[in-house]
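Thank you all for coming. I would like to walk through one structure this morning, going from a helix to a loop and then to a few single residues.

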Amino acid sequence: MLSEIDAIVDAARDGEWSPLLDAAGQVHSKEWAEQAACAGEETELFFPQGDAPGKAPDVVRGVRKGELIRPLLFCAHCPVPVAARCLLEALELDADHGIRAGLLASERTELHHGWNNRVDVDRVSAALRGNTVSLTDAEEREIVTKLSNNPSLSRKHAARAMGIKYSYLMQLIRDERKRQFPSRATESSHSIAA
């Protein structure tokens, strides 16, 4: 039988982030670590040697079996919302070392990729309104695409929300237009040359 956190992780692997976000939202972002089963333990315990993105998780678990028993037991006894918050923080910070929510760094590689390529329309909309939100690379690309296709959207709001200079955002928009309409870019360069 799958544990609740395992089901949440499996859903995330399938691109369904709502269970993780909902569970993580059940604890206050600043207080979650104090509620963790591992609170007060030495952090080195959760950083096994030889575990990193790109490593084979089965090999790491086989080689470090004895070293992993204690930290994984802590993770197994962690309240689900706290474990979800721990995993969410690792994904948001792109943490590529350490055990989080019972997952080795090498086991989170797929989740990191999926997290960085997801687009949350609410966050994109908030950024377009000028609200500063943490954005994935895919969400930033979505904002640039929307701005390049809709001149009525505020570029100043978006630049502020993305934490970049207005001039840099304008360059990204120009690059996006060239990508979307390569024939127009070629026509423009020919008419300039003529």
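**A helix, a loop and some lone charges**

Just after helix α1 comes G15, whose phi is positive, near 90°. Helices here are DSSP runs of H or I with at least four residues, and strands are runs of E with at least two, numbered from the N terminus. Before I go further, please keep in mind that this is a predicted model, in which local features need pLDDT of at least 70 and side-chain atom pairs count only at pLDDT 80 or more, while totals for chains, interfaces and linings use all residues. Residues are numbered from 1 along each chain as its sequence is written, and side-chain values use heavy atoms, with hydrogens and water left out.

Let me stay with α1, which covers residues 4-13 and in which I5, I8, V9, A11 and A12 are buried; buried means under 20% relative accessible area, exposed means over 50%, and partly exposed is in between, with a 1.4 Å probe and protein chains only. Seen down the axis of α1, these buried residues fall within an arc of 160°, so they line one face of the helix, the arc being that of the directions from the helix axis to the C-beta atoms. As a reminder, an α-helix has 3.6 residues a turn, so residues three or four places apart point the same way. The cover over the buried residues of α1 includes α2 (18-24), α5 and α6, where contact means heavy atoms within 4.5 Å.

That brings me to the loop between α5 (80-92) and α6 (109-116), where R108 has its place. What is the nearest side chain of opposite charge to R108? It is D51, at 6.0 Å, and R108 is buried yet has no salt bridge. Here Lys and Arg count as positive and Asp and Glu as negative, with His and the chain ends not counted, and a salt bridge needs a side-chain nitrogen of Lys or Arg within 4 Å of a carboxyl oxygen of Asp or Glu. A polar atom of the R108 side chain does lie 3.1 Å from the backbone oxygen of A95. Leaving aside residues up to four places away in sequence, R108 touches a set of residues including L87, A90, A95, H97 and L103.

The loop between α5 and α6 also holds D94, and A101 as well. D94 has a positive phi near 55° while being a residue other than glycine, and A101, not a glycine either, has a positive phi of about 55°. D94 is partly exposed, with a relative accessible area of 43%, whereas A101 is buried at 13%.

Another arginine to look at is R155, in helix α9 (residues 155-162). R155 is buried without a salt bridge, and the nearest side chain of opposite charge, E176, is 11 Å away. Among the residues that R155 touches, not counting those up to four places away in sequence, are L147, Y166, M170 and R177.

Finally, the cysteines: how many disulfides does a search of the whole structure find? It finds zero, a disulfide being a pair of cysteine sulfur atoms within 2.5 Å. The sulfur of C38 is 6.1 Å from the closest cysteine sulfur, that of C78, which is too far for a bond. C38 is partly exposed, with a relative accessible area of 29%, while C78 counts as buried at 16%.

Conventions
Polar contact = N/O pair within 3.5 Å; in protein donor to acceptor, adjacent residues only side chain to side chain.
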